[in-house]
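User: Hi! I would like a close look at one small part of this model, and then a walk outward from there. Could you keep it plain enough for someone who spends the day at the bench?

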Amino acid sequence: MSASGHPCFHCGEPIPRGLVIHARVAGRDEAVCCYGCKAVAEFISGAGLGDYYRYRDTASTRADEPPRPDRWAAYDRPELVERLTRAEPDGARSITVLLEGLRCAACSWLANKALSQQNGVLDVSVNPATARARLVWDPARVRLGDLLRVLEHVGLRPHPLAGEPSEQMALLERRDALKRLAVAGFGNMQVMMFAVPLYFGAVSGIDPQMREYMRLVSMLVSVPVALYSGWPFYRGAWHALRARSISMDVPVSLGILLAFVASVWNALTGHGEVYFDSVSMFVFFLGLGRYVEMIARHRAGSVADALARLAPMTARRVRAGATEDVQAVELGVGDELLVRAGEVFAADGVVLEGDGRVDESMLTGESVAVPKPPGTAVHQGTQNLAAPLRVRVTAVAGGTVLSGIVALLERAQAERPRLARAADRAAAWFLSRILFGAAIVYALWWFVDPSRAFPATLAVLVVTCPCALSLATPTALAAATAALARRGVLVARTDAIETLAKATRVLWDKTGTLTRGLVRVEDVRSLGAISSQQALEWAASLEQLSEHPIARAFTVTGAPTVRASDVEVHAGRGIEGRIEGRRLRVGTRAFAAGLQSQATADAGPDAAGDESGESRVYLGDESGLLAAFTLSDPLRPEAGHCVAGLAALGLPSEIVSGDQPGAVARIAARTGIDGHAARLSPQDKLERLKSLQAGGAVVVAVGDGINDAPLLRGADVAIAMGRGSALAQTSADLILVRESLDELPATVSLARRTQRVIRQNLGWAIGYNLAALPLAAFGLVPPWLAAIGMSLSSVVVVLNAMRLSRGSAPRRRSGMPATPQAEAA
Amino acid sequence: MEILYVMIPLGLVLVALGLWAFFWATGSGQFDDLDSPGWTVLEDDEAPPPDEPQPQDDAPREQGR
């Protein structure tokens with residue numbers, strides 16, 4: 001890697017060599033990697049929020065470009081804002097905003113402080129768990145657009161969510177689950193306390209009246225636990241049964257209800273044993289696991305959020321020569337839109353006027369912008385990089401390519417091979433055998449001694465059902481989920497851990513997953529009399545007037561400080577202009593050197609069209625070449641390690657990319673991946689996945705973009721990058737929050753350890769049950785022994801599971817990621 | 001041991017009170033965000049004037065390498 005050793009003060013990414021940009025933060029000059037980060041860091045410091053840099057525990061998101069205040073112009077118009085937001089008392093308005101780049105508590109502190117400082121802001125609540133902020137403001141004193149600009153200035157890109165019923169529902173769901181969990185927790189502790197005298201009483205003798213009392217009190221406390229806390233399980237089981245399927249909820253509900261009803265019966269009649277302690281412990285642990293899973297799922301977000309991020313909520317419609325800002329939903333086929341540079345298309349359409357270049361990487365994965373002359377189609381969600389375009393709308397809402405991908409996504413999810421079902425099937429199998437066995441025991445005792453038939457049957461049911469066996473899996477998964485969360489790996493679907501342990505293959509997306517997903521100036525080398533800094537500034541000044549995608553890399557990294565005049569674009573070769581009286585050219589080597597001899601330079605290959613994915617651009621003037629720039633979408637430094645680590649675990653890798661074959665081959669060679677395929681559409685990727693799965697492979701897919709979403713949905717285990725598109729994240733089972741690929745092999749290892757622990761737990765529980773079952777069936781187990789044995793058995797299982805959360809010590813990072821390894825191959 | 005006939009119901013009443021308080025706290029949003037409020041104690045009472053050099057602190061910055 002040709003980056004200097006120092007990471008950017010703001011975002012922690014390596015600073016390109018030869019580049020010196022300083023941000024003035026709290027009276028010091030700090031080195032940053034681009035002008036976007038400089039703008040953000042200085043704004044944060046200037047607003048008196050510099051403490052953010054002391055408190056944060058992960059580096060911030062790289063500011064891809066300096067903030068563009070005009071992006072939020074539509075939100076300055078009161079009549080539009082009125083329709084997008086909700087009314088609050090006293091004329092105030094409120095809206096929920098999704099904050100891209102909100103990654104830790106310090107980020108949410110920053111958002112909160114920055115907004116609270118604004119005049120007219122009445123209330124701000126930022127939730128780091130869901131990356132959402134709720135704003136209440138007085139429209140008479142401040143405009144929504146200004147608030148969104150503030151958020152963008154501090155480096156958190158806002159996405160206003162209209163309506164947001166899903167967010168409100170998620171909040172209520174979380175609160176509801178927390179209440180149910182609290183009841184189970186409190187109840188569990190109380191019942192355990194009452195269980196102690198019962199156990200000891202069974203050994204050393206207890207006043208029968210006191211025993212009766214303890215049992216009735218236990219029952220009293222267990223009723224809300226079993227009925228209120230256990231309710232979600234019964235509801236889930238009922239839904240599954242109505243749909244003629246068996247989910248995990250079915251055996252769980254049966255276990256809880258059988259043990260509970262049997263215990264209530266025994267408590268009321270005064271005969272037999274009670275198992276209220278087992279019931280409440282079981283409900284509590286299962287509820288805990290479900291709660292942790294739900295938090296992760298909410299954080300991953302919903303498809304609705306993803307669409308909100310991609311497709312803008314507003315558009316600029318041209319009508320009778322005048323433009324007006326309208327809501328995207330009001331658009332109809334045939335409307336004419338004006339889309340300025342940097343804006344995102346709100347609908348599919350055809351270019352009428354303008355010569356644009358469009359970044360379609362979110363749809364195709366292609367890192368090079370696509371030229372869009374009049375007559376070509378543009379798509380919702382893609383970004384116009386260059387000149388303003390007039391577009392006639394050809395499809396809206398459900399008819400766009402983007403919504404087609406979303407539909408593909410939903411279908412892939414429905415067809416997902418659910419290995420998890422295997423666990424459900426096993427549970428159902430076990431349950432049916434137990435019910436069968438219980439029936440036999442009842443029948444046999446009926447012939448031997450009818451009066452003992454019912455107690456013996458109950459003993460069989462209770463001794464086998466709601467104990468270690470049921471805790472074996474949830475406790476291990478909960479412990480593994482917690483351990484992974486500390487490593488920056490978010491588990492959105494816990495049964496994915498079990499599947500990951502069995503995985504045999506990895507499919508990678510390239511752009512944004514193996515690479516950082518952004519073309520940038522990687523290296524600046526001075527060839528002539530000027531400093532590389534000067535060269536970069538000049539190149540950026542020229543390129544800022546160009547519409548070429550490569551120009552973006554310059555204007556992001558360099559400083560367009562001086563004005564260039566007499567600028568002329570030579571298509572396919574470069575750009576020429578005059579700065580401070582000097583004639584300069586930026587472009588291919590032949591073109592840049594061409595000024596020297598005044599000869600007409602013959603066009604070399606277009607720098608942007610270079611298929612290797614890494615390209616070289618030169619700066620020259622009349623005295624010859626001045627500087628050489630290397631541009632690339634840099635490979636993540638840890639990618640090679642990660643691929644090798646996975647291969648060592650028996651998981652060969654393969655790249656499926658929508659990008660150019662040359663760029664894909666280069667990345668494949670540098671990461672040591674043999675199999676690679678380029679120019680694949682989302683559908684092609686899914687096909688490749690299906691053919692692998694048809695061959696019996698259990699496939700892990702790693703991706704970041706919208707074009708990966710169907711692949712992720714169809715994969716056995718889907719892993720998304722933390723900064724990737726929201727649509728990819730909603731399809732993911734695991735999310736790499738810190739985007740460190742190093743965690744992948746470790747995650748696979750942990751998944752396998754989890755699998756081992758689950759097996760040990762199941763082995764122990766089944767062994768215990770098999771030993772206890774015949775004894776219970778013959779009526780030989782003294783009640784106190786059965787109870788103690790069951791509790792001990794559960795404790796063994798829980799302790800064994802807890803081993804998973806130890807061991808892998810959390811790797812705390814301060815503000816910076818580890819110094820990037822210099823290894824590149 | 002007869003005291004248990006009083007103490008246990010009393011304990012249950014206390015548990016019920018605790019649960020009621022927890023429900024109230026959950027309902028009023030106390031548990032919606034468990035991370036960021038912790039940072040408020042670290043805030044300075046007054047924001048330093050924008051862009052004014054801080055008194056030079058020689059302590060190594062956490063952001064350093």
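Which residue in E15(A) is the bridge partner of Val358(A)?

Analyst: Happy to help, and please keep in mind that this is a predicted model. The bridge partner of Val358(A) in E15(A) is Val370(A). Val358(A) also has a counterpart in another strand, since it stands opposite Asn384(A) in E17(A).

Let us look at the strands around that residue. Strand E14 of chain A covers residues 356–359. Its link to strand E15, residues 370–372 of chain A, is made of three bridges, and these two strands run antiparallel. Toward strand E17, residues 383–384 of chain A, E14(A) has two bridges, again with an antiparallel run. Put together, this gives an open sheet of three strands in chain A, ordered E15-E14-E17, with antiparallel pairing. E15 and E17 of chain A are the edge strands, and each of them pairs on one side only. As general background, strands of a sheet pair through backbone hydrogen bonds, either parallel or antiparallel.

The side chains of E14(A) tell a matching story. Both faces of this strand are covered. On one side Gly356(A) and Val358(A) are buried, and on the other side Arg357(A) and Asp359(A) are buried as well.

A little earlier in the chain, strand E13 of chain A, residues 348–353, holds Leu352(A). Leu352(A) counts as partly exposed because it has 14 C-beta neighbours inside 10 Å, whereas a buried residue would need 20 or more. Leaving out residues up to four places away in sequence, Leu352(A) touches Glu336(A), Pro374(A), Arg390(A), Val391(A) and Arg392(A). Its C-alpha atom is also 6.2 Å from that of Gly375(A), although the two residues are 23 apart along the chain.

Now for another sheet of chain A. This one is open and has seven strands in the order E19-E31-E30-E29-E20-E27-E28, with mixed pairing. Its edge strands are E19 (489–491) and E28 of chain A, each pairing on one side only. On average, neighbouring strands here are turned by 20° against each other, direction ignored. Within the sheet, strand E20 (residues 505–508) and strand E29 (residues 699–703) of chain A run parallel and are joined by four bridges. One pairing to find on your screen is Leu507(A), whose bridge partner in E29(A) is Ala701(A). Helix H24(A) packs on this sheet, where it touches E20, E27 (653–656), E28 and E29 of chain A. The direction of H24(A) makes about 160° with that of E29(A).

Just before that helix comes a backbone detail. Arg679(A) sits in the loop between strand E28 (675–677) and helix H24 (682–694) of chain A. The phi of Arg679(A) is near 55°, a positive value in a residue other than glycine. Most residues other than glycine have a negative phi. Arg679(A) has 14 other C-beta atoms within 10 Å, so it is partly exposed.

Ala701(A) brings us to the nonpolar interior. The largest nonpolar core has 69 residues, and Val700(A), Ala701(A) and Ile719(A) touch the most other members. Helix H27 of chain A, residues 743–777, gives the most to this core, with nine residues. Ile719(A) touches Val700(A), Ala701(A), Val702(A), Ala732(A), Leu734(A) and Leu736(A), with residues up to four places away in sequence not counted. Apart from this core lies another, of 50 residues, which includes Cys34(A), Leu49(A), Tyr75(A) and Val97(A).

Stepping back to the whole chain, chain A has 28 helices and 31 strands. Of its 825 residues, 52% count as buried. Chain B, by comparison, has 65 residues, of which 3% count as buried, and its secondary structure comes to one helix and zero strands.

Finally, a word on confidence. Chain A averages a pLDDT of 75, and 73% of its residues score at least 70. In chain A, E20(A) has the highest confidence, at 92, while helix H11 (residues 303–310) has the lowest, at a mean of 55. Residues 413–423 of chain A have a pLDDT below 50, and this stretch has 16 contacts in the model beyond near neighbours in sequence. Residues 598–612 of chain A also stay under 50, with 35 contacts beyond four places in sequence. Where pLDDT is low, the predicted coordinates should not be read in detail.

Methods
Residues numbered from 1 in each chain as written. Chains lettered and ligands numbered in written order. Predicted model: local features only at pLDDT ≥ 70, side-chain atom pairs only at ≥ 80, totals over all residues. Core = buried A, V, L, I, M, F, W, Y, C linked by C-beta atoms within 7 Å. Buried ≥ 20, exposed ≤ 12 C-beta atoms within 10 Å, placed from the backbone. Contact = placed C-beta atoms within 7 Å. Pairing = 2+ DSSP bridges. Axes fitted to C-alpha atoms, helices over the stretch in contact; angles between N-to-C directions. pLDDT = per-residue confidence, 0-100.
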